[in-house]
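Let's take a walk through this fold, going from sheets to cores to the pocket. Have the model open and turn it as you read.

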Amino acid sequence: MELEVRHLRALCAIAETGSLHKAARQLGVSQPSLSTQLRRIEQALDGELFLRERTGCRPTPLGRQVLGRARPLLDGMAALVEEARAAARGPRLRIGSTASRALPGWLRRLRERFPGAETTLLVDVSANALLRMVAAGLLDVAFVHEVEGCPLRMPAGLEQRVLVEREPQFVALARDHPAAGRGGEVDLAELAGDRWMVDPSVDGEWDGLRRVLAEAGCEPAFLHGDYHTAASMVVTGEAVAPCQPTSVPRDDMAILPLRGDPLAVRLLLAHRPAMPYAGLYEDLRASYREAALHPPAYRAWLYGRGRTVLSAL
C-alpha cells in the first residue's frame with residue numbers, strides 16, 4: 001500500500017485527539033474503519049505508530065518521527081490548494097475598515113484601477129481587531145481611526161501611512177436643540193446638561209470622550225449603543241453624540257464642529273510589507289477628500305482652520 005494524503009491526515013487526527021474514537025468522529029468515519037486503516041499504514045511502514053492504551057493512543061518513537069514529517073506535508077498541501085484556488089479566482093484584495101464615508105468612493109476607484117481583482121470589504125467597529133486580521137493574513141489592508149489619547153495596538157511587522165494626522169470629531173444634535181439653532185461652533189459647556197451616547201465597542205471612543213469631557217469640567221450622563229441607535233436617540237432629543245465630520249446633516253439632525261476641536265482621531269492605512277497593490281493610498285486620499293468636501297460644516301472647517309488637513313489631501 002502506498003501512503004496517501006488521507007493516511008497522513010488520519011495519523012495526525014489520532015495524534016491530536018489522542019483517541020481512535022475521537023479521531024474517527026473528527027474525520028467522519030467509523031472507528032472500526034479507522035482502526036483497520038491504521039493497521040494497514042503500520043504494515044506498510046513495518047512498525048507500530050501508536051501504543052493503544054486504556055486512556056487512548058500515544059505515539060511511539062517511530063510514530064513521532066512519521067508525524068514530524070507528516071504535519072509539514074499536510075500544511076504544504078493545504079497551502080498548495082489555497083494558492084491554486086487563489087490563482088484560479090484571479091487577484092484578490094481584502095479590505096478591512098472602520099466606518100467611513102470615504103469607503104464608497106475608495107471601492108469605486110479600486111475597481112477602476114484593478115478591474116480584474118476580486119475586492120472584498122469587512123467593516124468592523126474595532127480597529128485593533130482589523131489590524132490583527134491584517135497581521136494574520138486574513139486581510140490585505142485596513143483603514144482605521146485611532147482616537148486621540150488612546151493609541152491602537154499596532155501588531156509588529158505592519159506598515160502604516162497616515163491619511164489625516166488629526167481629524168476633528170463633530171457633534172450630532174437634534175434640529176431643535178438650543179445649540180443647533182444658532183449654527184456655527186458648539187462649546188462643550190453648552191452640552192453639559194445633555195446625555196451623551198457612545199459606542200463602547202469602538203476602540204478608544206468611550207475613554208477618549210470621557211477624558212475630554214472631564215477636562216472641560218463636564219460630568220454628563222452617558223448612554224451606550226451603536227451608531228444606528230445613537231441616530232434615533234439624537235433626532236428625538238434624548239442624547240447628543242460625537243460623529244465623524246464627514247457625516248451628512250439631515251432635516252432632523254444637525255452636524256456641527258466643537259469649539260477648539262477637543263475631540264479628534266488619526267486616520268491610518270495599515271498593511272503588511274510588500275503589498276502588491278500600488279495606488280491604494282492615493283485612491284483613499286482622493287476618496288476622503290471627496291467625502292470631506294461634501295458636508296457644509298466640514299467643508300467650512302477645512303477652508304477655515306483646517307487648511308493643513310486640506311493641503312495634505
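Two strands count as paired here if DSSP finds at least two bridges between them. Keep in mind that this is a predicted model. With that rule in hand, start at the open sheet of 5 strands, which is ordered β4-β3-β5-β12-β6 and has mixed pairing. Its edges are β4 (118-123) and β6 (159-168), each with a pairing partner on one side only. From one strand to the next, the twist averages 15°.

Now zoom in on β3 (residues 92-97), which pairs with β5 in the parallel sense over 3 bridges. If you want a landmark there, glycine 96 sits opposite alanine 142 of β5. Two helices pack on this sheet. Helix α5 (residues 103-113) touches β3, β4, β5 and β12, and its direction makes about 170° with that of β3. Helix α6 (residues 127-135) also packs on the sheet, touching β3, β4, β5 and β12, with its direction at about 150° to that of β5.

Next, move over to an open sheet of 3 strands, with antiparallel pairing in the order β10-β7-β11. Here β10 (241-243) and β11 (253-256) are the edge strands. Neighbouring strands in this sheet are turned by 35° against each other on average, ignoring direction. Strand β7 (residues 170-174) runs antiparallel to β10 and is joined to it by 3 bridges; in one pairing, valine 171 has proline 242 of β10 as its bridge partner. Helix α9 (residues 227-235) packs on this sheet, touching β7, β10 and β11, and its direction makes about 50° with that of β7.

So what holds the inside? The largest nonpolar core has 43 residues, and Trp106, Leu163, Leu280 and Tyr288 have the most contacts inside it. Helix α10 (residues 280-292) is the top contributor, giving 5 residues to this core. Leaving aside residues up to four places away in sequence, tyrosine 288 touches Ala102, Leu163, Val164, Glu167, Thr246, Leu267, Tyr298 and Leu313. Apart from this core lies another one, of 19 residues, including Leu8, Ala13, Cys57 and Ala70.

Finally, look for the open space. The largest pocket has a volume of about 880 Å³. Its lining comprises 43 residues, with Tyr227, Pro242, Cys243, Gln244 and Ser247 lying nearest the centre. Several elements, including β5 (141-147), α8 (205-215), α9, β10, β11 and β12 (264-271), each supply at least two residues of that lining. Proline 242, then, turns up twice: as the bridge partner of valine 171 and among the residues nearest the pocket centre.

Note on methods. Residues numbered from 1 in each chain as written. Predicted model: local features only at pLDDT ≥ 70, side-chain atom pairs only at ≥ 80, totals over all residues. Heavy atoms only, no water. Core = buried A, V, L, I, M, F, W, Y, C linked by side-chain atoms within 4.5 Å. Buried < 20%, exposed > 50% of the residue type's maximum accessible area, 1.4 Å probe, protein only. Helix = DSSP H or I, 4+ residues; strand = E, 2+ residues; numbered from the N terminus. Contact = heavy atoms within 4.5 Å. Axes fitted to C-alpha atoms, helices over the stretch in contact; angles between N-to-C directions. 1 Å grid on protein atoms, 1.4 Å probe; cavity = no way out; pocket = protein on both sides within 12 Å on 5 of 7 lines; lining within 4 Å. Points joined across faces, edges and corners; volume = space filled by probe spheres on them.
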